[in-house]
Amino acid sequence: MKRKIIYTILALLCLQSVHGQSVEIKLNLELGKVYTQNSYSKASISQDVNGQKVNIEMIMKGKMSYLVKAVTEKDYLMDVEYNSLSMTMQMPQGSATFSSEKKDKNDIFSTLLGEMVNKPFKVTMTKSGEITEVKNISNLIEDVLSHFSQIPESQLAQIKEQFLKSFGEDAFKGSMETITAIYPKKLVETGDSWEIKTKLETGMSANMISTYTLTESNANGYVIKGNSSIETANKDAYLPINGMPTRYDLTGVMKSEITVDKTSGWVIEAKINQEIQGDVYIKKNPKLPDGLKVPMVMKNTLVYKNQ
């Protein structure tokens, strides 16, 4: 009986020792290696426009690859490219699907997506997942649009504006840091938490404050869960959106569950849910003499996998 008690005590001590082991969670990428990422996003937007409900649903899918070109003490220089892109939209006017895989010259937006793939741009990412520089996306978009001289100049300018908001440097940085700027800058144990501040740029500028917690260490990797608050920055600032001065006053929350590989630190899988609501204000202008206030609710589910 005494021997069983001793064995039990030793086993409990071992479990406590394992639980209390501190680990360093960061990116540890290999020079010359390609890391991949598949993304799926389903967004629903509900707007109240002059008392009329307008609902929009959008699904986006993408495949990306990251080639590590250089490794320094603090960061990684990578060649990043889209391998495929697709978008499906359900609007009051009807539905539409666009894909980089389509080979239809009459489908201008699909052709534009097709021109975006397999063309690398430069990204510098720190070992804690922060993106410090994105280069050549704007040049890539300029080059893509230069092949569509048949599109009227005014329409081309609007397409360029939308592409930059969806795929430009700032948009890419904000979108990527949602799942990469998550790593603690200290040793952590299971149950430890840390705070990360991120700036989002997806057509509007927003500040996000996240608290991440290491909840589990298993055979698949480290499991990190996050709770975030989101609030639009510069709420009084009007920006030109589709040719009209527009400002956003929105707040929201985000919940995330992210699993990272124990060796490389690369995100194996991420599940993210966002909900943002508030008002969009369009200032008085020739197109809208009385201006407009549009209450809005946005819900977004994102799933990322490394293959």
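Here are four short exercises, each with a worked solution, on a structure that is a predicted model.

**Exercise 1: Charged pairs**

Find out how many salt bridges the model has, and decide for Lys-102 and Asp-107 which is buried and which is partly exposed.

Solution. Let's start with the idea behind the pairs. Side chains of opposite charge can pair when their charged atoms come close. The cut-off for a salt bridge is a nitrogen of Lys or Arg within 4 Å of a carboxyl oxygen of Asp or Glu. By this rule, the model has 9 salt bridges.

- Step 1: In the pair of Lys-102 and Asp-107, the closest N and O atoms are 3.4 Å apart. A salt bridge needs these atoms within 4 Å, so Lys-102 and Asp-107 form one.
- Step 2: Buried means under 20% relative accessible area, and exposed means over 50%. Asp-107 has 13%, so Asp-107 is buried. Lys-102 has 37%, so Lys-102 is partly exposed.
- Step 3: Now try Lys-119 and Glu-115, whose closest N and O atoms are 3.1 Å apart in a salt bridge. Lys-119 has 25% relative accessibility and is partly exposed. Glu-115, also at 25%, is partly exposed too.
- Step 4: Salt bridges can also be linked: Glu-231, Lys-235 and Asp-249 form a network of them.

**Exercise 2: A pair across the sequence**

Work out which parts of the chain are tied together by Lys-185 and Glu-130.

Solution. Take the contact first, then the places.

- Step 1: The side chains of Lys-185 and Glu-130 meet in a salt bridge of 3.0 Å, N to O.
- Step 2: Lys-185 lies in the loop between helix H5 (169-180) and strand E7 (193-201), while Glu-130 lies in the loop between strand E5 (121-126) and strand E6 (131-135), so the pair ties together parts that are 55 residues apart in sequence.
- Step 3: Lys-185 is exposed, at 63% relative accessibility. Glu-130, at 29%, is partly exposed.

**Exercise 3: Strands side by side**

Trace how strand E8 (residues 205-217) pairs with E7 and with strand E9 (residues 222-232).

Solution. Follow E8 from one partner to the other.

- Step 1: E7 and E8 run antiparallel and are joined by 9 bridges. Here Ser-193 stands opposite Thr-213 in E8.
- Step 2: E8 also pairs with E9 in the antiparallel sense, over 11 bridges. Tyr-212 has Gly-226 in E9 as its bridge partner.
- Step 3: E8 and E9 form a hairpin with 4 residues between the strands, and Gly-221 takes a positive phi near 155 degrees there.
- Step 4: For another hairpin, look at strand E3 (residues 75-91) and strand E4 (residues 94-99), which pair in the antiparallel sense over 6 bridges. This hairpin has 2 residues between its strands, and Met-91 stands opposite Gly-94 in E4.

**Exercise 4: One side of a helix**

Explain why the buried residues of helix H3 (residues 137-145) lie on the same side of H3.

Solution. List the residues, then look around the axis.

- Step 1: Buried in H3 are Ile-137, Leu-140, Ile-141, Val-144 and Leu-145.
- Step 2: Around the axis, these residues cover an arc of only 130 degrees, which puts them on the same side of H3.
- Step 3: What covers the buried residues of H3 includes helix H2 (108-116), helix H4 (153-167) and H5, as well as E5 and E6.

Terms used
Residues are numbered from 1 along each chain as its sequence is written. This is a predicted model: local features need pLDDT of at least 70, side-chain atom pairs count only at pLDDT 80 or more; totals for chains, interfaces and linings use all residues. Side-chain values use heavy atoms; hydrogens and water are left out. Buried means under 20% relative accessible area, exposed over 50%, partly exposed in between (1.4 Å probe, protein chains only). Two strands pair if DSSP finds at least two bridges between them. The arc is that of the directions from the helix axis to the C-beta atoms. Contact means heavy atoms within 4.5 Å.
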